[in-house]
Amino acid sequence: MNHTKQNFWTKYVFATDHKVIGKQYIITGLIMALVGGYLSYVFRMQLAYPGQSIPLYGDMGPQQYNAFITLHGMIMFFWFAMPILLAGFGNLFIPLMIGTDDMAFPTVNMISFWIFFVSTIVLMVSFFLPGGAAAGGWTMYPPLSITAHQPTFWGSFFTGQTFLLLAVALEFVSMLMGGINFLTTTINKRAPGMTAFRLPIYVWFANLAGIIFMFSVGPLIAGAFMMLLDINMGTGFYDPYRGGDPILFQHLFWFFGHPEVYVLLLPSLGVTAEIISTFSRKPIFAYKTIIYMALIASVLSVIVWAHHQFISGIDPRMATFFSVGTILISIPFAAIILSYLATLWGGSIRLKMPMIWTIAGIGSFLIGGLTGLFLGSDTFDIYAHDTYFVIAHFHYVLIPVVIFGTFAAIYYWYPKYFGRMLNEKIGKIHFWLTFLSFHAFAFPLFFSGLQGEHRRIADYSSFDSLMTLPIQHIRIISTIATIILISSQLLLIINVFWSYRKGKVAGRNPWEANTLEWQTDSPPQHGNFEVYPEVYRGAYEYSLPDRTEDFYPQNEK
């Protein structure tokens, strides 16, 4: 293997090593999460205390409110969740888990990160343009996202909406390059003996997520390009007065937007599989069924997009089709979750921090899944559409998946990449503050949503029926919980830096796991392995009756 001496720039900045690139994605994503969290703090304070000056921000008007909710949604989806769960963890884990030295295209990998990084710069610059950042909602529906601009090229190019579209385009190019790299690497660079059904579930799920992204993103890129033309060149793709139709963009957006949830969901469920089997000391229950169910869910995910458009005037017969399809997609995911729960059953469970985050994630996600069944029904969705019931639902889907899943992965793999264990006491305080504040923030929103609170109103004081005490109390409780939720993440930062210096030395395999990443040094050397491993068995052979040890590494004969 090539161990050429590297300087600072080639080792840490313009690195081609997948491990460094993975860390670059994760660090950038976490910084963007802080930005997104700050935005949520500001607009939650506006909702709880309308008309009052907000500490650490100042006065907020409707335009800023719309911009902040727009960028909060965009950042948490495209600049936090995707770069961490897919690009970050994919880079860190896939080559090590399949027993190879790096991605198939290391230079492309490096370029894809820097394209992503440029996209973050473009997005941040949009806050300082004349008129401020984009304020048309994270779904960018026209005509709201278009009519605020003059249809002249130079007059409208330097606007928040145009920069948002450019940033999204760059981010998508980066993720496309990364997804192709993952797939090529997994197909061509697996260790000898690493057959398809010996792959760790995370590798399967990360690649499925990449395929879903590649398949679904094309229509949105086309739709965004047409929006750019409408804004800057005066075309009328979405303008009814010029023969266009704004509903067209909704179809193009949700054809991508709905599968995007599964792009985030699958890598997190892959992380869950690795942790739940390791800390239950049991083989994962129904491995092949989990893979088949994920394949079915991946296909269904791209054919039910229009359930987001029940109130846009689609034919009721089509609404029934999309409603039934949406409810059907819960079956494969229910099967996957049941497989995980069956893995727990009868296991010798070790309640370490990765496992605690995983169990909390599954339990919380179930609430999101069950309320998704309600919203999948067109009769209920028409009533609850764009209310805080929807807000509560997708936060119950995404926070257990994205944030809890990310934390579980960080606590699980930190020893591998930094050579030391994270502190368990700090970790438990971090967990309880995060877990309790999340539920205190999100759960009450189901009730305010059912009472008619709409998600896109900056100041409810103009609506007497929405300023009644129960609803206003819910806003205040959710806002206080949001502040605690954001503040408690300081404990994770403290833990990461403290443990890097003072944490217990980890060794190669502190969790006694089977997959290949645990069979090399901690942290892994450049090139990952001194000798390429050979694989003799599956990834989840724990507690076999004919072995003294309760784990069985994949590369051990």
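This is a short walk through one protein structure, from the whole chain down to a few residues.

Please keep in mind that the model is predicted.

Let's start with the overall picture. The protein has 17 helices. It has 0 strands. How compact is the protein? Its radius of gyration is 23 Å, and the globule rule gives 24 Å for 557 residues, so the protein is as compact as a globular protein of that length. Along the principal axes, the C-alpha trace spans about 70 × 50 × 50 Å.

Next, inside and outside. Of the 557 residues, 58% count as buried. The protein exposes about 22,400 Å². Carbon and sulfur atoms supply 70% of that area.

Now contacts along the chain. Take the contacts between residues at least 6 apart in sequence. Of these, 81% join residues at least 24 apart.

And charge. There are 29 positive side chains and 28 negative ones. The centres of the two sets lie 11 Å apart.

That is the whole protein. Let's zoom in.

My first stop is Met-227. You will find Met-227 in helix 7, which covers residues 201-233. Is Met-227 buried or exposed? Its relative accessibility is 0%, under the 20% cut-off, so Met-227 counts as buried. What is Met-227 in contact with, leaving aside neighbours within four places in sequence? Met-140, Pro-142, Ser-145 and Ile-146 are on the list. So are Gln-161 and Leu-165. Tyr-238 and Phe-249 complete the list. One distance to note here: Met-227 and Leu-166 are 61 residues apart in sequence, yet their C-alpha atoms are 11 Å apart in space.

Hold on to Pro-142, one of those contacts of Met-227. Pro-142 is joined to Pro-143 by a cis peptide bond. Omega there is about 10°. Where does Pro-143 lie? It is in the loop between helix 4, residues 106-125, and helix 5, residues 153-157. To put the two together: a residue of helix 7 touches one partner of a cis bond.

Second stop, Ser-437. This serine lies in helix 15, residues 424-450. Its relative accessible area is 5%, and Ser-437 is buried. Where does its side chain reach? It reaches the backbone oxygen of Thr-434, at 3.2 Å. Ser-437 also touches Ala-481, Ile-484 and Leu-485, not counting residues up to four places away in sequence.

Last stop, the segment after helix 17. Helix 17 itself covers residues 489-502. Three residues in the segment deserve a look.

Begin with Glu-512, which is placed in this segment. Its phi is near 55°, a positive value in a residue other than glycine. How accessible is Glu-512? Its relative accessible area is 30%, so Glu-512 is partly exposed.

Next comes Pro-523, also found in the segment after helix 17. A cis peptide bond joins Ser-522 to Pro-523. Omega for that bond is about 0°.

Then there is Asn-528, again in the segment after helix 17. Asn-528 has a positive phi too, near 75°, and is not a glycine. Is Asn-528 buried or exposed? At 0% relative accessibility, Asn-528 counts as buried.

To recap. The fold is made with 17 helices and 0 strands. Met-227 is buried in helix 7. Ser-437 is buried in helix 15. Cis bonds join Pro-142 to Pro-143 and Ser-522 to Pro-523. Positive phi values appear at Glu-512 and at Asn-528.

Terms used:
Residues numbered from 1 in each chain as written. Predicted model: local features only at pLDDT ≥ 70, side-chain atom pairs only at ≥ 80, totals over all residues. Heavy atoms only, no water. Helix = DSSP H or I, 4+ residues; strand = E, 2+ residues; numbered from the N terminus. Rg over C-alpha atoms; globule rule 2.2 N^0.38 Å. Buried < 20%, exposed > 50% of the residue type's maximum accessible area, 1.4 Å probe, protein only. Contact = heavy atoms within 4.5 Å. Areas by Shrake-Rupley, 256 points an atom, 1.4 Å probe, with all protein chains shown as cover. Lys, Arg positive; Asp, Glu negative; His and termini not counted. Charge placed at Lys NZ, Arg CZ, Asp CG, Glu CD. Polar contact = N/O pair within 3.5 Å; in protein donor to acceptor, adjacent residues only side chain to side chain.
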